[in-house]
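Here are some quick notes on the charged pairs, for reading with the model open beside you.

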Amino acid sequence: MGNNGMEELIPLVNRLQDAFSSIGQPFNLDLPQIAVVGGQSAGKTSVLENFVGRDFLPRGTGVVTRRPLILQLVSASTEHGEFLHCKGKKFTDFNEIREEIDIETQRLTGCNKGISPVPISLRIYSPHVLNLTLVDLPGITKVPVGEQPVDIEYQIRDMIMQFICKENCLILAVTPANIDLANSDALKLAKDVDPQGQRTIGVITKLDLMDEGTDARNILENRLLPLRRGYIGVVNRSQKDINGKKDIQTSLLAEKKFFESHPAYRHMADHMGTPHLQNVLNQQLTNHIRATLPALRIHLQSQLLALDKEAEIHRQYTPDDPARKTKALLQLIQKFGIAFEKLIEGSGDNVDTAQLSGGAKINRIFHERFPYELVKIDLDETELRREITYAIRNTHGVRTGLFTPDSAFEAIVKRQIETLNMPCIKCVDMVSEELIVTVRQCTNMLSPFPKLREAAERIVTTEIREKESKCKEQVQLLIDVQLAYINTNHDDFIGFANAQQKTNGNNRKTFENQVIRKGWLTISNISIIKGGAKEYWFVLSAETLSWYKDDEEKEKKFMLPLDNLKLRDVERGFMSSKHSFAIFNTEHRNVYKDYRFLELACGTQEEVDSWKASLLRAGVYPERVTVDGETNGGSSGDLTDPQLERQVETIRNLVESYMNIIYKTVRDLMPKIIMHLIINNVKEFIGSELLAQLYALAEHTELMDESPEQGQRREEVLRTHAALKEALSTIGDISTSTSSTPLPPPVDSSWIQACKSTTPSSPIAGATKATARGLAPTAPLVPAAAVPVRSGPPAPLAGADGTAGRHSRAPPGVPRTRRQPRHTPAVKPH
């Protein structure tokens, strides 16, 4: 059976996997599972029940196994079963185990014969079993039954593939002897995922039900469809035996008698039967663990180090000790304050690489979102100029003003300053919400104590809301302060003199590179002979009006200086769908090529008005209309007075200059106000006031009552920590010289092709006739997996290098073969 330490390691690793699953931590230990694969009624259930020696699996017609059953067999002095979903409950009655499997299966799949890939985990302790981990999978079916989906065959195949595709999963391919081996669904699936046959063990059931005069000797001797690990035959109870409640131990004795007395199998009786199959599977598990001991030791050590600190904390914590509770409360609040400050200041231990959070998100609000909200303030150029016009006229009253009035400028500026209130308040709201999210993120560390977490989150959130209210009052005060005094003496303010110079065009060099507007316009007065109206991309700057072929601005068509240009309205034509205006030169020179004026068209009147306003900013004014209707540089509408036009443009420049100062001031002060009145105050509150307020609560003694989940986790962590130490100690005691059975050599199946032309359609009969004619196969006569497992080192193979000797003797009853080639090994039977 191998080293006893190895036998102890299998159930220990099983306990580790369950413990880590309970606390939600990954434990990806690469242990093999043995997946039992076969068609319906192939005998999989009987094989597993024979291993345990008890009837405990559901039986019936159709698909009985509808969820994978992970069966862990653990050798123990007592006999009982445990389900992972029923922790702590021991099932001593195996009929109750069968009922629980049925109930748990129907819980997910219902009663309509549906299937589910979610496994059921069952562990059985018994003195009659060897340590094994097997997965009983649904039987392969072809036709849906009852309310099963039409693709039930493919669902079952996909489920089986999820298990047998894993490299460390051994495949127990169960095939009944009374069907053609070439039609075995289990062997076909195994061949798909394991073409070299390194992980497949064949199990032949129902040997006692074969037709009279036939046997499976050629299969069990690995002559027909050879497998590297060979085939093992078993004889299960018949349906009559099951109905008659025949004891499994009696059935095992009958199985042994069958092989010893049958003329075709008695020479290999020692290598057949359920006990031998159980020994072989147990040996495969121990072999794999031995091969992975170094990696297993490293893995266990890393898991132990990861749990050391947490286990020490849990070990020292006493739930009913008031002094421990007080100390734990103080430590948790200190950690909470440090975590909050680190998230805000950006010096956290765990840096989020997926998204912005905490201080980084608040920084984005300050320097991206808030400026964007300021830019979003709707500024209608046409409406602004109209307001300036009315303000100037209302300021002058009945008189005709000769100078630009200060009061009109102040009235317009104050209206613009008032619009800043909304984006400032919105900035405060965004920062407050992000602080609350940060607080909730930090209170996750208090989740083991739900009452403490709820109280801390409520108190800090209330403090944030109070500071938010005060901050909004301060923001309103900031707006009121700006409204209280319009500082026209500011160093950055353009001043009236410069504004008038800009208006008159005397200071254009300062704004030479300033782009005022871009957009599409149609030149509509080009004659049809020269191509007709065309649409171009126009760029208006303080000095020129240029147009390009398209908005990529690579091919410039023309650049028109703005000197001595005026605007003129153009009446909309009867057939025209666009609104137009014209540009002309006051010195009666051509504006563009042979054209005395340039007629530009837009889709809507609003676009025309907007372009006019932009041209006004560049110093291109409308022509004036005299009393007799003659034109002389004005425009129809409100702006008919050149003096008034210059005053409007002057105030427009002044407002723009002063508001740029206000925008700069507000962008600078808002982050400072929020940091001082909200963020810094909240950090100080958590560090100095939160603990006192928690103690002031009437129920403060209950704050450190831990949740049931935390108590369970503490027990799981301590149990897992102890199991890890035990596992490392067990590994240390295992002798590195533990012997194991090596993987059998490859099987040479070339003889099958040689005898195909002379064999009939029946595989079993064909192989028998081939043997009778003396066509000896070169495959091993005895399956390598069928070598008996003994305590201590196994018997050596015939050859010094693990291959068979030159004169290997065939078992009794088997035709003696010719001399074996060197490259074709054969196992020497015991």
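**Notes on the salt bridges**

1. Start with Arg-440: its relative accessibility is 45%, so this residue counts as partly exposed. Its side chain meets that of Glu-457 in a salt bridge, at 3.5 Å from N to O. Arg-440 sits in helix H15 (residues 421-442) and Glu-457 in helix H16 (residues 450-484), so the pair ties together parts 17 residues apart in sequence. Glu-457 is also partly exposed, with 21% relative accessibility; the cut-off for buried is under 20%. Keep in mind that this is a predicted model.

2. Next, a pair inside one helix. Lys-188 and Asp-192 are both in helix H5 (residues 185-193), four residues apart, or about one turn of the helix. Their side chains form a salt bridge at 3.9 Å, N to O. Lys-188 is partly exposed at 48% relative accessible area, and Asp-192 likewise counts as partly exposed, at 48%.

3. Buried or partly exposed: which is Glu-716? This residue counts as buried, with 4% relative accessibility, while its partner Arg-719 is partly exposed at 41%. The two are three residues apart in helix H21 (residues 708-733), about one helical turn. Their salt bridge comes out at 2.2 Å, N to O.

4. Now a group rather than a pair. Asp-429, Glu-433, Arg-465, Glu-468 and Lys-472 are joined into one network by salt bridges that share partners.

5. For the overall tally, a search of the whole structure turns up 27 salt bridges. The pairs above are among them, including Arg-440 with Glu-457.

How values were computed. Residues are numbered from 1 along each chain as its sequence is written. This is a predicted model: local features need pLDDT of at least 70, side-chain atom pairs count only at pLDDT 80 or more; totals for chains, interfaces and linings use all residues. Side-chain values use heavy atoms; hydrogens and water are left out. A salt bridge is a side-chain nitrogen of Lys or Arg within 4 Å of a carboxyl oxygen of Asp or Glu. Buried means under 20% relative accessible area, exposed over 50%, partly exposed in between (1.4 Å probe, protein chains only).
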